[in-house]
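This report describes a protein structure for a reader at the bench. It treats the overall architecture, the pocket, the surface, the salt bridges and the backbone in turn.

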Amino acid sequence: MTSICDERGQELNYAGMLISDVLKRDVGIGGVVSLLWFQRCLPPYVCKFFEMCLMVTADHGPAVSGAHNTIVCARAGKDLVSSVVSGLLTIGDRFGGALDGAARQFSEAYDSGLHPMEFVNAMRQKGQLIMGIGHRVKSLNNPDMRVTIIKEFVMESFPATPLLNYALEVEKITTSKKPNLILNVDGVIAVSFVDLLRHSGSFTREEAQEYIEMGAINSLFVLGRSIGFIGHYMDQKRLKQGLYRHPWDDISYVLPEQYNN
């Protein structure tokens with residue numbers, strides 16, 4: 001069964017919209033995402049949000065896991081698909097995949113009526129990290145412009161932002177402990193996405209919850225970062241880089257001093 005696209009007629013259609021209308025109405029990539037992922041035309045501000053998320057997550061330099069894997073594979077002579085897939089396979093709770101975890105954690109805490117301080121304390125007692133909080137480089141004194149851009153757009157354009165407001169209250173608590181425990185780009189996209197699903201008027205509460213549970217929120221990071229991975233692959237080929245080997249001086253060798261029988 002399929003419910004998003006039909007190519008059997010004279011003209012391809014996306015979720016019921018003819019491809020000619022998709023182009024004539026200039027719905028953009030955000031509109032195509034809304035049709036193929038959510039089976040409906042979502043409001044312009046939602047499509048703009050999708051496109052902004054794709055732009056700000058497209059790349060974050062060669063040092064991160066996914067880009068590094070893609071570069072290593074490209075330099076090993078692998079093809080585009082193999083190299084990009086090797087990068088995509090690093091996406092998970094530690095790299096990029098925190099969107100789904102953040103969406104679940106923040107929405108569950110908010111829905112259960114936990115005060116932000118109670119939420120932070122409960123996570124500490126469990127020994128669990130708060131997904132979407134913290135950054136290795138960015139901090140209160142060195143803010144992430146991606147987060148600022150998304151946050152400002154959402155606050156100005158969305159009809160309601162209760163979960164984003166809740167996450168910002170959590171951020172006040174976490175940054176009072178360490179300045180780098182900021183709401184990161186994963187976190188701001190995740191909570192904003194939940195606010196979109198719940199308050200745009202385009203989804204029922206049941207549909208919104210279903211999309212959160214199926215892992216749909218991480219989709220924007222996967223699609224966005226693929227753009228960057230393709231760029232890194234092409235960059236290495238263009239620069240004609242040879243086989244990569246990691247330098248010895250960057251490896252900590254911790255072998256035992258002698259072999260014990």
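The sections below proceed from the whole chain to individual residues.

**Overall architecture**

The structure is a predicted model. Its secondary structure consists of twelve helices and three strands. The C-alpha trace of the protein spans about 70 × 50 × 40 Å along the principal axes. Of the 261 residues in the protein, 44% are buried.

**The largest pocket**

The largest pocket encloses about 1,200 Å³ of space. It is lined by 34 residues, of which Arg-94, Gly-134, His-135, Arg-136 and Asn-184 are the closest to the centre. By residue class, the lining of this pocket comprises 14 nonpolar, ten polar and ten charged residues.

Four helices each supply at least two residues of the lining: α7 (116–126), α9 (162–177), α10 (185–199) and α12 (219–238). The largest share, three residues, comes from α7.

Helix α7 also contains Ala-122. With a relative accessibility of 21%, Ala-122 is classed as partly exposed, because the buried class requires a value under 20%. The C-alpha atom of Ala-122 is separated by 30 Å from that of Pro-159, a residue 37 positions away along the chain.

**A nonpolar surface patch**

On the surface, a nonpolar patch is formed by Leu-80, Val-81, Val-85, Leu-89, Ile-230 and Met-234, which together have about 530 Å² of accessible area. The elements giving two or more residues to this patch are α5 (80–88) and α12. The most is given by α5, with three residues.

Val-81 is located in helix α5. Its relative accessible area is 57%, so Val-81 is exposed. Helix α12 thus has a part in two features, since it gives at least two residues to the lining of the largest pocket and two or more to the nonpolar patch.

**Salt bridges**

The structure holds seven salt bridges. Three pairs are set out below, with the distance given from N to O.

| Pair | N to O distance | Location |
|---|---|---|
| Arg-40 and Glu-207 | 3.4 Å | loop between α2 and α3; helix α11 |
| Glu-169 and Lys-172 | 3.1 Å | helix α9 |
| Asp-235 and Arg-238 | 3.1 Å | helix α12 |

Which parts of the chain does the pair of Arg-40 and Glu-207 link? Arg-40 belongs to the loop between α2 (28–38) and α3 (44–57), whereas Glu-207 belongs to helix α11 (residues 205–214). The two residues are 167 residues apart, and the pair therefore links distant parts of the chain. Glu-207 is partly exposed, at 25% relative accessibility.

The other two pairs in the table each lie within one helix. In α9, Glu-169 and Lys-172 are three residues apart, about one turn of the helix. Glu-169 is partly exposed, with a relative accessible area of 36%, while Lys-172 is exposed at 54% relative accessibility.

Why are Asp-235 and Arg-238 separated by about one helical turn? The reason is that they are three residues apart in helix α12. Here Asp-235 is partly exposed, with a relative accessible area of 24%, and Arg-238 is exposed at 55% relative accessibility.

Salt bridges also form a network, which links Asp-111, Arg-198 and Arg-205.

**Backbone features**

Most residues other than glycine have a negative phi. Against that background, two residues deserve mention.

Gln-39 is not a glycine, yet it has a positive phi of about 60°. The residue is found in the loop between α2 and α3, the loop that also holds Arg-40 of the salt bridge with Glu-207. With a relative accessible area of 37%, Gln-39 is partly exposed.

Lys-240, likewise not a glycine, has a positive phi of about 55°. Its place is in the segment after α12. Lys-240 is exposed, because its relative accessible area of 70% is over the 50% that marks this class.

**Summary**

In this predicted model, the largest pocket draws its largest lining share from α7, and the nonpolar patch draws most on α5. Among the seven salt bridges is the one between Arg-40 and Glu-207, which links distant parts of the chain.

Terms used: Residues numbered from 1 in each chain as written. Predicted model: local features only at pLDDT ≥ 70, side-chain atom pairs only at ≥ 80, totals over all residues. Heavy atoms only, no water. 1 Å grid on protein atoms, 1.4 Å probe; cavity = no way out; pocket = protein on both sides within 12 Å on 5 of 7 lines; lining within 4 Å. Points joined across faces, edges and corners; volume = space filled by probe spheres on them. Nonpolar A, V, L, I, M, F, W, Y, C, P; charged D, E, K, R; others polar. Buried < 20%, exposed > 50% of the residue type's maximum accessible area, 1.4 Å probe, protein only. Patch = residues over 30% accessible without salt bridge, like charges linked within 9 Å, V, L, I, M, F, W, Y side chains within 5 Å. Areas by Shrake-Rupley, 256 points an atom, 1.4 Å probe, with all protein chains shown as cover. Salt bridge = Lys/Arg side-chain N within 4 Å of Asp/Glu carboxyl O.
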